[in-house]
Amino acid sequence: MKIPLHLSKNVTQSTRAAQTQALAHDLIAAKRGDWNAKNSLCRTFLPLMTSLVQKRTTETAKQNAMMERAKDGLLKAVKKFHMDQGADKFQIFALNYIETSL
């Protein structure tokens, strides 16, 4: 299941292109070690990670620990992702790393 990532509430064709471009920019910067880009990626993928964690447990302490592991999985996916695949393919690519880290 693909959970849509929205940087704004109104998604149109032009904003979808802008979101993909912003994601590509964050991916490139995060690979270089930019903490702001990593933070931006974590905020962008927060709904996806939250959904995966909530399906696995309802205990708050376990959810917090799993969210940290999910973030680690996301950042591992950033390191392994090749930009020639296109930034729009990153969500599917990252999902495997996030689920594996949980």
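Me: How large an area does the protein chain expose, and what share of it do carbon and sulfur atoms supply?
Reply: Bear in mind that this is a predicted model: local features need pLDDT of at least 70, side-chain atom pairs count only at pLDDT 80 or more, and totals for chains, interfaces and linings use all residues. Residues are numbered from 1 along each chain as its sequence is written, and side-chain values use heavy atoms, with hydrogens and water left out. Accessible areas come from the Shrake-Rupley method with a 1.4 Å probe, and for residues only the protein chains shown count as cover. On that basis the protein chain exposes about 6,500 Å², and the carbon and sulfur share is 53%.

Me: Which helix has the highest confidence?
Reply: The score here is pLDDT, the predictor's confidence in each residue, from 0 to 100. The protein chain averages 86, and 86% of the residues score at least 70. Helix H1 (residues 13–31) is lowest at a mean of 85, while the highest, at 93, is H4.

Me: How many helices and strands does the protein chain have?
Reply: Both are DSSP runs numbered from the N terminus, helices being H or I with at least four residues and strands E with at least two. From the N terminus on, the elements run α-α-α-α-α. That gives 5 helices and 0 strands.

Me: Is Thr-57 buried or exposed?
Reply: Thr-57 sits in the loop between helix H3 (46–56) and helix H4 (60–80). Buried means under 20% relative accessible area, exposed over 50%, and partly exposed in between (1.4 Å probe, protein chains only). Thr-57 comes out at 11%, so it's buried.

Me: The backbone nitrogen of which residue lies 3.3 Å from a polar side-chain atom of Thr-57?
Reply: Skip neighbours within four places in sequence, and Thr-57 is in contact with Lys-62, Gln-63 and Met-66, where contact means heavy atoms within 4.5 Å. The 3.3 Å partner of its side chain is the backbone nitrogen of Glu-59.

Me: Which residue lies 8.3 Å from Met-66, C-alpha to C-alpha?
Reply: Met-66 is in helix H4 and, at 9% relative accessibility, is buried. Leaving aside neighbours within four places, its contacts are Val-53, Arg-56, Thr-57 and Leu-102. At 8.3 Å, and 35 residues apart along the chain, we find Ser-101.

Me: What helps cover the buried residues of H3?
Reply: The buried residues in question are Leu-48, Met-49, Ser-51, Leu-52 and Val-53. Their cover includes helix H2 (35–44), H4 and H5.

Me: What kind of aromatic pair do Phe-93 and Tyr-97 form?
Reply: The structure holds 4 aromatic pairs; rings of Phe, Tyr and Trp (its six-membered ring) pair if their centres lie within 6.5 Å, with planes under 30 degrees apart stacked, over 60 edge-to-face and the rest tilted. Phe-93 and Tyr-97 both lie in helix H5 (residues 90–101), 4 residues apart, about one turn. An α-helix has 3.6 residues a turn, so residues three or four places apart point the same way. At 5.2 Å centre to centre and 45 degrees between the planes, the Phe-93 and Tyr-97 pair is tilted.

Me: Which residues form one aromatic cluster with Phe-93 and Tyr-97?
Reply: Phe-93 is partly exposed at 22%, and Tyr-97 is partly exposed at 22%. Joining them in the cluster are Phe-45, Phe-81 and Phe-90.

Methods: Polar contact = N/O pair within 3.5 Å; in protein donor to acceptor, adjacent residues only side chain to side chain.
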